[in-house]
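Q: Could you take me through the odd spots in the backbone of this one? I'd like a close look, in plain words.

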Amino acid sequence: MSSSSSATPKPHPLDPLSADEIRRAAAIIREKRGQDTSYVFNSLTLKEPAKQQMMLYLGWVNSSSQPKPVTIDREVFAVLIDRPSGLVHEMTVNLDKSAVTSWNKVEGRQPTINIFEMLEAEREILKDERVKDQCRQLGITDMSMVYADPWGVGYHEIKGKRLVQALLYARTSPDDNQYAHPLDFNPLYDLNAKKVLDIVVSKRRNSSFERPVIPMANHHFLPEHLGEDRLRKDIKPIEITQPQGVSFSIRDGHQLHWQKWDMHLSFNYREGLVINNLSYRDMDSTVRPIIYRMSLAEMVVPYANPYKPYNHKMAFDVGEYGLGNLTNSLELGCDCVGKIGYLDAVLSDLNGDPWHIPNAICIHEEDTGLLFKHSDYRTGKAHSARSRRLVISHIVTAANYDYGLYYYFYQDGTIQYEVKATGELNTQVLAEDEDAAPYGTIVAPQVDAQHHQHLFSMRIDPMLDGPNNSVAEVDVVASDLPVGHPHNSVGNSFYPVTKVFNTTDEAKTMASVERHRTWKIINESKIHPYAKQPVGFKMMAHPTPPLLPKPGSIVYERAMFASKTLWVTPHNDKQLYPGGFYCYQSEPSENLGLPQWTKETQNVRDTDIVCWLNFGITHIPRVEDFPIMPIETCGIMLKPANFFLCNPGIDIPPSTRQSTKSAYANDATCCRKNNL
Ligand code: ABN
Ligand code: CU
């Protein structure tokens, strides 16, 4: 990632790799592998320095035994795949030493699939004679009208191969909505051998037909297809202007400053955007560290249909495909409006060459209504402060779905992460007389949008006023004293019950709406002078559905991270992905990631911890989600809770009619005329 405007002379240790660094790392690896050219570069990414080293570098901890490092070597973590054998090579390259410093050969594991492998798979699948023959049986002879979305298989009984199942669709024109014309068979394809291995034709469930007639009715949403006449004519422009420019600044390409917030932005092929070293400047100018590192570390989209081949639909869009790999290049004026700071991303392709995503990350400010207001009803004096948030976002396209991924920072210390799910429902074909219930909704004739969940896992490595933190669960309950008791005489009493987690086992917890459950990251060494409690930030993930597939199912065992709302683990530099590093085709019985790391009970109290906060949506598609889905949101929020000495936003200056350039709506058409 590089700033569109300025070059970075010397990288910060957490800066993503530059194009030049990617080129150099690939060259060092090529030289090391010599004549052997039977491999592709799966990923080349920054090997992040150990947290302990970074804390010294940042001055966030002091050590009498260890000096503050002035520079940290730039290291690259590379994953290569041999073709056709599928052997995986993990290599570490030290760019300062121009050397490969470690090389592991890994058997039986599948790394994240990248966009170049997906495009290659689609080309090969559509050339296959058996695929063409299946299309002919459905009455389709023009293969240029057929499209293949290569999905991971979840887990497959065929072992040792890098597999995708292709979901096939037809298009009536190159930019038609293909999800309106699903085909009824899925080729199973080996990415390393570049071969179709099998074709699975889905069976009709309650139909008199053996194969459906593919629905070819168009369900368009692009304006050029809808036609000018169908577009609304009564929308007047809203313009967002910031006549004095923006209130944020970006230093050295990745260091972001906005009012009292400071942070470092990074980006990688897997998690996409990563927020590092987040701090807030308090009223007395003390810089208070809050989070060391935060990212969307995994997600799973389990589908509900129990029949072949659809029971293999369980997308881990972070670990299987990579949010960085799936990131869009954003468009000024539509994806983000107003004055926008963009950062470009640089990833790598199958040859180990840099691959640029211009305008990958959008940084801007938004007015979010009132931050606070009070009117004195006696004097009529009112004071209102408007709330503004800093938005840092990127948008990913995961085949049919698109996810807007938004970090928000507010003036009162609130941190929010929001996912906006949009794009297109994943659809399957039905025969003319077939129904979809109870596993899907018929969103257009013969088009079945199967029920599913979107479950996300946020990795939050906190740093509240120091590296040692704890987590407390806070439930709000009615007093258990009977009505009439001296301490509950009229029965109104309720209170929060706080339980600090001591161990990884205690910390595996579920959301509870009835108990208004929240969690609090606290620093037990720092007692708030007024509240007489440890300083803290509360965490909320409401409303969070449970993972619906059953224990013992493939998806439950592979995505066990989603079976709890919160997990807390002791910090470990190697534990970044809650479904495991090699989650592509992971073995259910291995329970990779969080369940494996927490098999043994470990202390999580007053130590360096990581919180894994899960949230999501259970999506029963609506007809109105088709042909393109209006945004559905979910997310988490962190709020200071007895961290500051008062509302940290009280110093927001009042806004006025002049400062906001507000005006009455047009008299002739609106409210004032009607005295409203
Ligand atoms: N949602 C599964 C997926 C993501 C990206 C590409 C193909 C399939
Ligand atoms: Cu959905």
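A: Sure! One term before we start: strands here are DSSP runs of E with at least two residues, and they are numbered from the N terminus. Also keep in mind that this is a predicted model.

Now for the background. Most residues other than glycine have a negative phi, and most peptide bonds are trans. With that in mind, let's look at the backbone places that go the other way.

Start at the tail of the list, with Lys661. This residue sits in the segment after strand 31. Lys661 isn't a glycine, yet its phi is positive, at about 50 degrees. Is Lys661 buried or exposed? Its relative accessibility is 71%, and the cut-off for exposed is over 50%, so Lys661 counts as exposed.

Asn642 is also found in the segment after strand 31, a strand that covers 629-641. Here too phi is positive, about 65 degrees, and Asn642 is not a glycine either. Its relative accessibility is 29%, which falls between the 20% and 50% cut-offs, so Asn642 counts as partly exposed.

Next come the peptide bonds. The one joining Arg83 and Pro84 is cis, with omega at about 0 degrees. To find Pro84, go to the loop that runs between strand 3 (75-82) and strand 4 (88-94).

There's another cis bond going from Ala437 to Pro438, where omega is near 0 degrees. Pro438 is in a loop as well, between strand 21 (427-429) and strand 22 (440-444).

Note on methods
Residues are numbered from 1 along each chain as its sequence is written. Chains are lettered from A and ligands numbered from 1 in the order in which they are written. This is a predicted model: local features need pLDDT of at least 70, side-chain atom pairs count only at pLDDT 80 or more; totals for chains, interfaces and linings use all residues. Side-chain values use heavy atoms; hydrogens and water are left out. Helices (H or I, at least four residues) and strands (E, at least two) are DSSP runs, numbered from the N terminus. Buried means under 20% relative accessible area, exposed over 50%, partly exposed in between (1.4 Å probe, protein chains only).
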